[in-house]
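Please open the model in your viewer and keep the selection panel at hand. The tour below suggests what to select at each stop and says what is found there.

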Amino acid sequence: MRDFVVITDSTSDLSLETRQQFNIEYVPMQYIINGEEFKASLDWEAHSVKEYYDLMRGGCRVYTTQVLKDTYLEAFQKAIDAGKDVVYISCSSALSASINVACLVAMELKEKYPEAGIFCIDSLISSLGQGFLAMEASRKRAEGLSAADTAAYIESIKLCVNQCGTVGSLEYLRRAGRVKASKAFFGNLFGVKPLIISDIKGQNFAYKKAKGAVNARIGIAEHIVEAANGVYEELFISHADCEEEMEQVKAEILKRAPFKKVYTNTIGPIVGASVGPGTVIAFCLGTEVTIEGNE
Amino acid sequence: MQNTLDGISLHQLFTSGYRNLKKNMEAINDLNVFPVPDGDTGANMVMTFGGGLQAVSETQTHVGQYMQSLSRAVLLSARGNSGVIFSQFVHGLSRGFAEKETVTFGDLAEAFACAKEDAYHSIITPTEGTILTVIREAADFLAENAKNYDSFQTGFDALQAQMTASLKRTPELLPVLKEAGVVDSGGAGLVCFVDGICAHLHGESLEDIQEDWSAPASMCTDFGPDSRLEYGYCTEFILQLMNYKTDLAAFDLQSFTNPLEQMGDSIVAVHNDGIVKIHIHTFTPDTVLGYARGFGEFVSVKIENMSIQHSQVQTAVQKEKVKFAIIAVVAGEGIKAYFESIGANYVIDGGQTNNPPVSAFLEAFQKFDAEHIVVLPNNANIILTAEQAAQAYTECDVRVIPTKSITEGYSALSMMNPCCDTVDDLIGEMSANLDAVTTGYVTTAVRDANMDGMTVKKGDCIGLDGKHLLASEEGRVETAKALVNRIMAATPKDVIIFFYGEAVTEEEVQALSDYLQKAYPLVDVGFVSGKQAVYDFIISLE
């Protein structure tokens with residue numbers, strides 16, 4: 001049986017340590033600040049976490065681009081050259097069109113290398129939820145599953161990855177427009193935090209409001225604990241340069257459910273560009289998501 | 001000496017009672033617990049009863065029938081808590097008088113018993129020391145003594161003496177009245193009404209003070225000498241078809257309205273027993289009226305310039321189809337615009353000094369083709385009216401979230417989540433934080449007062465939380481700071497929002513904002529230009 005590489009992208013928000021531990025590669029997207037383009041590095045090569053989010057706090061508008069065709073070609077070709085298959089776990093198709101490019105590249109390569117197995121999976125989620133699916137793929141590889149079986153397994157659990165988070169300010173959501181919600185959600189409200197989940201289409205959807213930071217933490221914790229439905233294995237929390245707030249959310253969740261292992265990391269530049277500094281998002285594996293967001 | 005009354009003489013008694021109430025309106029308004037110029041009980045009672053009197057026929061002789069139409073009309077114009085209670089009082093009288101062609105003073109015993117019952121029923125938690133007490137004691141008095149009086153004159157004299165004494169006792173039952181040194185305003189209104197009745201029975205004739213109730217206090221219009229007539233006139237009339245002008249038996253509404261379609265649009269036409277009611281939007285109301293007069297004579301005509309209407313209320317001509325329609329009662333141009341921007345589908349103009357009547361709610365409800373309507377009354381004195389309207393409306397489900405202030409209204413509206421599946425969920429989320437809302441008000445004292453251990457002089461800046469006087473400093477900004485500090489010291493809050501009034505300057509807002517950011521760095525602070533009257537600041541702390 002052919003070995004395979006697990007590849008994800010800049011929106012997976014996996015730390016270097018985790019990527020090394022699970023042997024996960026990633027293909028980068030790009031972000032543009034003041035006309036200058038930077039690689040969306042998960043290791044913060046161009047800007048530090050603080051520098052990046054301070055730029056946003058200062059009103060700087062960040063634009064993002066999807067993964068380039070050549071980047072995919074290079075990454076997939078490298079695997080094929082090494083005699084390996086590919087399991088690529090992409091950012092939700094509702095947030096980035098990268099998966100389309102990946103599928104095109106995979107089709108082209110399959111014509112050239114009919115024996116190669118290239119599986120592109122639309123994770124329907126982002127940040128550490130997507131990162132978790134890449135970790136799961138790596139675990140299945142370690143158990144000896146083939147690329148095809150691993151891909152099938154990831155497809156079968158991806159809608160069971162639950163997300164709930166909130167933002168520091170509604171302003172960034174309003175600007176980036178990457179979160180589905182009714183107009184009233186984005187009115188000029190004070191002290192109102194949206195609780196944002198990932199729906200069955202992989203859209204970030206503001207499904208509920210909480211009044212003030214304390215209620216938002218409680219709202220996130222209650223949502224995650226309910227979704228976990230009694231199985232408290234791994235908890236993932238990402239944050240956009242607000243470690244203290246992340247710790248409070250973590251404490252609020254752990255108060256209710258004794259998750260065995262907690263992974264935390266900063267939200268990378270791509271997800272960060274649309275949610276803004278002060279965002280905290282929690283993820284866990286649980287019951288299948290059934291909510292579909294509408295305007 | 002009158003021993004029995006028919007509908008016509010009853011109408012005369014009520015008219016005299018109403019006129020005396022109106023004469024004393026300002027004095028009743030001033031019976032306010034706080035030294036704040038927002039008392040409105042007098043105005044509410046006058047408008048409630050006045051709207052009713054205007055709508056009934058003064059030639060109806062049958063007491064039962066007269067009372068039935070009066071009661072219905074009074075309910076429609078009811079506004080404010082005292083107004084709603086007053087309307088229920090009238091409703092009770094009409095129950096007691098039902099079937100009666102004429103009445104004697106003795107009949108008042110049963111009527112007042114019904115009135116007492118209905119008045120108490122309209123309030124979920126009746127408070128003693130209010131108009132309710134005055135009604136109850138009057139009913140008790142009549143149950144015992146009404147049979148002893150043959151004539152209305154002597155009977156009402158006795159009743160009036162009893163009610164005046166009852167009113168004087170209200171401060172003994174309600175401590176806030178005692179502290180403020182006033183009697184209950186609603187009770188005082190009712191006593192004024194009875195005084196007017198007595199005056200009439202003694203042959204006095206009271207004059208009606210003419211005032212235009214229909215125009216809003218500050219009618220601002222953009223329509224000037226160089227304006228263009230953009231929207232035409234909203235024209236409504238009721239036409240009595242006349243035998244000498246048209247063949248009533250052969251009258252066909254469709255043929256009557258066909259030519260109107262050349263003159264305007266949005267036509268609504270109704271024909272009933274020789275009376276035609278027309279609503280039309282037209283640029284040439286003169287042509288419309290000229291045409292209509294060919295068939296009969298007008299009972300009433302109303303013509304409004306829609307450019308002015310348009311700038312005052314943005315109403316859709318077509319009914320908006322929505323799952324949930326949120327209707328909020330708001331005063332102040334700025335707050336109104338703000339509420340609309342954050343999700344209110346419709347805003348009824350109203351507040352502490354301008355309580356909207358039941359009919360205003362019914363009109364607002366009719367604007368929507370909604371599954372559920374949710375009302376935010378935003379004033380303790382408007383909740384009851386909203387609930388009465390909700391009960392009276394049959395087209396769809398109407399719920400009232402009993403928000404007692406603009407700040408509670410904000411709390412509810414800001415939590416409104418249109419994605420909710422059911423109206424119960426929606427109301428649950430909107431009500432989730434209401435208990436946590438504290439409201440602060442900053443205004444100017446209109447009289448010297450000594451309360452809550454503070455002494456204030458007329459003209460001083462004062463800060464209240466709706467129940468207590470909490471601060472009085474030099475200037476509104478300092479008073480606002482002190483008020484916020486006292487409230488925050490008692491219960492720390494996460495969010496503070498200032499709705500600032502017309503007089504407040506940008507510099508003052510900036511000064512407050514700077515201060516609060518330093519004093520409470522973790523609190524979310526917001527400012528909304530509310531342009532409201534009376535209060536320099538309405539402060540929401542959640």
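The stops are a sheet in chain A, the contact between chains A and B, and a helix in chain B.

This is a predicted model, in which local features need pLDDT of at least 70 and side-chain atom pairs count only at pLDDT 80 or more, while totals for chains, interfaces and linings use all residues. Residues are numbered from 1 along each chain as its sequence is written, and chains are lettered from A and ligands numbered from 1 in the order in which they are written.

Begin with strand E3 (residues 30-33) of chain A, which 4 bridges join to E4(A) in an antiparallel arrangement; helices (H or I, at least four residues) and strands (E, at least two) are DSSP runs, numbered from the N terminus. Within this pair, A:Ile32 stands opposite A:Glu37 of E4(A). Widen the selection to the open sheet of 3 strands, ordered E4-E3-E5 in chain A with antiparallel pairing, where two strands pair if DSSP finds at least two bridges between them. Its edge strands, each pairing on one side only, are E4 (36-39) and E5 (62-65) of chain A.

Next, select the contact between the chains, where 15 residues of chain A meet 17 residues of chain B, contact being C-beta atoms, placed from the backbone, within 7 Å. On the side of chain A, strand E11 (204-211) and helix H8 (212-228) each give two or more residues, and E11(A) provides the largest share, 4 residues.

Finally, select helix H11 (residues 185-201) of chain B, whose 17 residues reach 25 Å from first C-alpha to last, close to the 24 Å expected at 1.5 Å a residue (1.5 Å times one less than the number of residues). Just after H11(B), B:Gly203 takes a positive phi of about 85°.

How values were computed
Two residues are in contact if their C-beta atoms, placed from the backbone, lie within 7 Å.
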